[in-house]
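Reader: I am new to this structure and would like to be guided through it. Could we start with the overall picture and then turn to single residues?

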Amino acid sequence: MANTVAVVDYGMGNLRSVSQAVQHAADEVGVQVFVTSDPRVVRDATRVVLPGQGAMPDCMRELRESGLLESVLEAAASKPLFGVCVGMQMLLSHSEEGATDGLDLIPGRVVKFELAGRLQPDGSRYKVPQMGWNQVRQAQPHALWAKVPDEAWFYFVHSFYARPMDPRHSVGEAEYGERFTAAVARDNIFATQFHPEKSAEFGLQLYRNFLHWNP
C-alpha cells in the first residue's frame, strides 16, 4: 500500500487520540491511516506508529500475544517507525518496570524516577508520575525537529524514562529533578516519551514531519 500509515493496535495504546492526530496530519498530504491489529497491514504500510500506555510488562506481553511482534520488528528494520510513550520505552533493551525485556532496537535501559523527598524550585515536592507540560531541548539535530523550536513544550505522563547506552541516540532531553531522555532516534526510528497527540501544534508538527521523513 503506497502512502499509508499503520497505527499498531495491540490493545495497549492510546489509539483514539494518536490516530486522530496522525489522521489530521495525513489529511493535509493525502496519506491514508489505518488503525490495525493485522500484521499484514503493518507489513504493507509505508510507515508505522507504535503507541503505548500503561505498564511496560503488559505492553510487551500484549504485543507478543497479539501476533504483531514480528511485523513491528520488520517495520523497525525497514521503514520509518514512530514510538510514543511506552511505545518508546519498548524500543530499548530492558526496563526496570517488572524487570521486562524490550525489543532491543535501541540499546539501553528504562529506569524509574527516584525523586522521593526532592523539592521543585517552587518548593513543592516532585511527584511521580510526572504529569503535565515540560520543555524539550533538542539534544541532537533530527529531521523530525523541523519547524519545532528548541525548548518547545510537550505533554508528559510517565514514571519511567529511557536511558540509552549511546548518547547519540538521545535526541531530545527534558528536566524533572534530573535531566532525562525525552526523545530517541536511530536510523529509521524516532520515538518520544511525551505525547505528541496531546501537545498541540508542535506535537502535530512532529507527525507532519514523520509523514515526510525518508531516512
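Author: What follows is a short conversation about this predicted model.

Reader: Which secondary structure elements does the protein chain have, and how many?

Author: The protein chain contains six helices and 13 strands.

Reader: What is its radius of gyration, and how does that sit with a compact globule?

Author: The protein chain has a radius of gyration of 16 Å. For 215 residues, a compact globule would have a value near 17 Å, so the two agree. Along its principal axes, the C-alpha trace spans about 55 × 35 × 30 Å.

Reader: What share of the residues is buried?

Author: Of the 215 residues, 55% count as buried. The accessible surface of the protein chain is about 9500 Å², and carbon and sulfur atoms make up 48% of it.

Reader: What about contacts between residues far apart in sequence?

Author: Among contacts with a separation of 6 or more, 71% are between residues 24 or more positions apart.

Reader: And the charges: how many side chains are positive, and how many negative?

Author: There are 20 positive and 25 negative side chains in the protein chain. The centres of the two sets lie 2 Å apart.

Reader: Let us move to the strands. Which strands pair with β7?

Author: One of its partners is β5, residues 92-95, which runs parallel to β7 and is joined to it by three bridges. Another is β10, residues 160-164, which pairs with β7 in the antiparallel sense over five bridges.

Reader: Which residues stand opposite each other there?

Author: Between β5 and β7, His94 stands opposite Arg109. On the β10 side, Val110 has Ala162 as its bridge partner. In a regular strand, side chains alternate between the two faces of the sheet.

Reader: Now the backbone. Where is there a cis peptide bond?

Author: A cis peptide bond joins Val128 and Pro129, with omega at about 10 degrees. Pro129 lies in the loop between β7, residues 106-112, and β8, residues 130-138.

Reader: Which residues other than glycine have a positive phi?

Author: Lys147 and Glu151 are among them: phi is about 65 degrees for Lys147 and near 65 degrees for Glu151. Most residues other than glycine have a negative phi, and most peptide bonds are trans.

Reader: Where are Lys147 and Glu151 found?

Author: Lys147 lies in the loop between β8 and β9, the latter being residues 152-158. Glu151 is found in the loop between β8 and β9 as well.

Reader: Why does Lys147 count as exposed, and how is Glu151 classed?

Author: Lys147 has a relative accessible area of 72%, and exposed means over 50%. Glu151 is partly exposed, because its relative accessible area of 41% falls between the 20% and 50% limits.

Reader: A change of topic: where does Val29 sit, and what is it in contact with?

Author: Val29 is in the loop between α1, residues 15-27, and β2, residues 32-36. Leaving aside neighbours within four places in sequence, Val29 is in contact with Leu211 and His212. The C-alpha atoms of Val29 and Arg208 are separated by 8.8 Å, although these residues are 179 residues apart along the chain. At 36% relative accessibility, Val29 counts as partly exposed.

Reader: Finally, where is Ser66, and what separates it from Pro39?

Author: Ser66 is in the loop between α3, residues 56-65, and α4, residues 69-78. Ser66 is partly exposed, with a relative accessible area of 30%. Its C-alpha atom is separated from that of Pro39 by 9.1 Å, and the two residues are 27 residues apart along the chain.

Technical notes: Residues numbered from 1 in each chain as written. Predicted model: local features only at pLDDT ≥ 70, side-chain atom pairs only at ≥ 80, totals over all residues. Heavy atoms only, no water. Helix = DSSP H or I, 4+ residues; strand = E, 2+ residues; numbered from the N terminus. Buried < 20%, exposed > 50% of the residue type's maximum accessible area, 1.4 Å probe, protein only. Rg over C-alpha atoms; globule rule 2.2 N^0.38 Å. Contact = heavy atoms within 4.5 Å. Areas by Shrake-Rupley, 256 points an atom, 1.4 Å probe, with all protein chains shown as cover. Lys, Arg positive; Asp, Glu negative; His and termini not counted. Charge placed at Lys NZ, Arg CZ, Asp CG, Glu CD. Pairing = 2+ DSSP bridges.
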